[in-house]
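Hi everyone, and thanks for coming along. I'd like to walk you through one structure today, so let me put it up on the screen.

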Amino acid sequence: MAPVPDLQAGLRALFERKFGQPPQSVVQLDAKTGGSDRKLFRLFGAGGSAIGAANADTKENAAFLGMSRHFRSNGLLVPDIYAADEAAGLYLEEDLGDTTLFEFLSAHRPEGGPDREVVALYREVVRQLPRFQIVAGKTVDYSLCHPRAAFDRQSMLWDLNYFKYYF
């Protein structure tokens with residue numbers, strides 16, 4: 001694990017490198033990051049906005065950045081990685097807004113099930129999913145997978161137990 005430096009200073013430097021000027025504000029997000037210790041920030045400036053991530057887990061960062069770049073290079077719909085300082089455990093990615101998937105689904109779930117907008121989005125996801133598996137899957141570097149390179153029996157059991165205890 002790499003030590004995480006002054007997070008905001010490092011993210012500000014990445015932002016300035018991407019947008020040509022420093023951010024006007026940096027706000028730490030109170031985001032749930034699953035099983036990760038990532039800290040997330042939103043950086044705003046005249047040139048735009050970005051999500052900044054800080055994470056001392058170098059293998060997790062390598063997996064995220066490597067997969068994101070690979071999927072993006074295959075024309076798949078993932079946030080763009082704007083800049084990274086992998087040695088410091090920092091990176092900037094495209095800001096897709098404030099609404100989480102859970103919030104969106106909760107707002108579009110009347111009595112009786114999901115509304116038409118949710119169903120249309122699920123259909124699009126199902127249409128796109130094979131592109132991740134077939135198109136990008138042909139050339140993805142599975143050695144980047146974290147924490148294990150294969151989703152084997154042990155990984156499946158861990159995942160099932162994680163779901164059971166946190167659901």
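Let me start with a small one for you: through how many residues does a hairpin join strand 2 to strand 3? The hairpin there runs through two residues. Please keep in mind throughout that this is a predicted model.

Now the overview. The protein has five helices and five strands, and along the sequence they follow the pattern α-β-β-β-α-β-β-α-α-α. The C-alpha trace spans about 45 × 40 × 35 Å along its principal axes. Of the 167 residues, 32% are buried. If you like contact maps, here is a number for you: among contacts with a separation of 6 or more, 53% come from residues 24 or more positions apart.

On to the sheet. The five strands form an open sheet with antiparallel pairing, in the order 1-2-3-5-4. Strand 1 (25-28) and strand 4 (81-85) stand at the edges with a single partner strand each, so one side of each has no neighbour in the sheet. On average, neighbouring strands are turned by 20 degrees against each other, if we ignore direction.

Let's walk across it, pair by pair. Strand 1 and strand 2 (residues 39-45) run antiparallel and are joined by four bridges. In that pair, valine 27 stands opposite arginine 42 of strand 2. Next, strand 2 pairs with strand 3 over seven bridges, again in the antiparallel sense, and here phenylalanine 41 has glycine 52 in strand 3 as its bridge partner.

Is strand 3 (residues 48-54) mostly covered or mostly open? Mostly covered: five of its seven residues are buried. On its way to the next strand in the order, strand 3 is joined to strand 5 by five bridges, and the two run antiparallel. Look for alanine 53 there, which stands opposite tyrosine 91 in strand 5.

The last pair is strand 4 with strand 5, antiparallel and joined by four bridges. Isoleucine 81 has glutamate 93 in strand 5 as its bridge partner. These two strands make a hairpin with four residues between them, and in that hairpin glycine 89 takes a positive phi near 75 degrees.

What packs on the sheet, touching strand 4 and strand 5 (90-94)? That is helix 2 (residues 58-73), and its direction makes about 150 degrees with that of strand 4.

Just after the sheet, have a look at threonine 99, in the loop between strand 5 and helix 3 (101-107). Why does threonine 99 count as exposed? Because its relative accessibility is 56%, and the cut-off for exposed is over 50%. Threonine 99 and valine 26 are 73 residues apart along the chain, and their C-alpha atoms are separated by 18 Å.

Finally, a pocket. The second largest pocket holds about 460 Å³ of space and is lined by 16 residues. Which of them lie nearest its centre? They are His146, Pro147, Arg148, Trp158 and Asp159. Helix 5 (residues 153-166) gives the largest share of the lining, with five residues. By type, the lining divides into seven nonpolar, five polar and four charged residues.

That's my tour, from the open five-stranded sheet to the pocket lined in part by helix 5. Thanks for listening!

Terms used:
Residues numbered from 1 in each chain as written. Predicted model: local features only at pLDDT ≥ 70, side-chain atom pairs only at ≥ 80, totals over all residues. Heavy atoms only, no water. 1 Å grid on protein atoms, 1.4 Å probe; cavity = no way out; pocket = protein on both sides within 12 Å on 5 of 7 lines; lining within 4 Å. Points joined across faces, edges and corners; volume = space filled by probe spheres on them. Nonpolar A, V, L, I, M, F, W, Y, C, P; charged D, E, K, R; others polar. Pairing = 2+ DSSP bridges. Axes fitted to C-alpha atoms, helices over the stretch in contact; angles between N-to-C directions. Contact = heavy atoms within 4.5 Å. Buried < 20%, exposed > 50% of the residue type's maximum accessible area, 1.4 Å probe, protein only.
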